[in-house]
Amino acid sequence: MPTKQADSQELTEQHIERLRQLPGFRLDVGTPCLCSIEAITTTKKRGYSDSLINTHRCDECGNKFTTFIEG
């Protein structure tokens, strides 16, 4: 069953499963691609307070999205 993001994009079960394989608990910006998980590189930076922001970029298609963990 698809869920909706704050910006009204639908996330399929495949997208949700992809997010579970990557660091970060909540999707912030963008939508994960369905390319090979090995093609996605992740960089981390500190956000406000104790949050950690993960920026994910796919080397295959160039897609970029961010996830975060609240501390």
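**Two arginines, a helix and a sheet**

Start at Arg 57, whose bridge partner in E6 is Lys 64. This is a predicted model, so take what follows as a reading of a prediction. The pair belongs to a longer run of contacts: strand E5 (residues 52–58) and strand E6 (residues 64–69) are joined by 6 bridges and run antiparallel. Elsewhere along E6, Thr 67 has Asn 54 standing opposite.

How do E5 and E6 connect? They form a hairpin, with 5 residues between them. Look for Gly 62 in the turn: its phi is positive, at about 85°.

Now for E6's other partner. E3 is joined to E6 by 3 bridges, and these two strands also run antiparallel. One place to see this is Arg 26, which has Phe 68 as its bridge partner in E6.

Put the strands together and you get an open sheet of 4 strands in the order E3-E6-E5-E4, paired antiparallel. Its edges are strand E3 (26–29) and strand E4 (40–46), each pairing on one side only. If you look across the sheet, the twist averages 30° from one strand to the next. As a rule of thumb for following any of these strands by eye, side chains in a regular strand alternate between the two faces of the sheet.

Next, the helix. Arg 18 sits in helix H1 (residues 13–20). Is its side chain paired or unpaired? Arg 18 is buried yet has no salt bridge. The nearest side chain of opposite charge is Glu 38, 7.5 Å away, and a salt bridge needs the nitrogen and the carboxyl oxygen within 4 Å, so Glu 38 doesn't qualify. What Arg 18 does have is a backbone oxygen to point at: that of Cys 33 lies 3.4 Å from a polar atom of the Arg 18 side chain. Setting aside neighbours within four places in sequence, Arg 18 is in contact with Pro 32, Cys 33, Leu 34, Cys 35, Ser 36, Ile 37 and Ile 40.

Arg 20 tells another story. In general, side chains of opposite charge can pair when their charged atoms come close. Here, Arg 20 forms a salt bridge with Glu 17, with the closest N and O atoms 3.6 Å apart. Both residues lie in helix H1, 3 residues apart, which is about one turn of the helix. Where does this pair sit, buried or exposed? Arg 20 is exposed, with a relative accessible area of 60%, while Glu 17 is partly exposed at 37%. By the rule used here, the count comes to 1 salt bridge.

Conventions:
Residues numbered from 1 in each chain as written. Predicted model: local features only at pLDDT ≥ 70, side-chain atom pairs only at ≥ 80, totals over all residues. Heavy atoms only, no water. Pairing = 2+ DSSP bridges. Axes fitted to C-alpha atoms, helices over the stretch in contact; angles between N-to-C directions. Buried < 20%, exposed > 50% of the residue type's maximum accessible area, 1.4 Å probe, protein only. Lys, Arg positive; Asp, Glu negative; His and termini not counted. Polar contact = N/O pair within 3.5 Å; in protein donor to acceptor, adjacent residues only side chain to side chain. Contact = heavy atoms within 4.5 Å.
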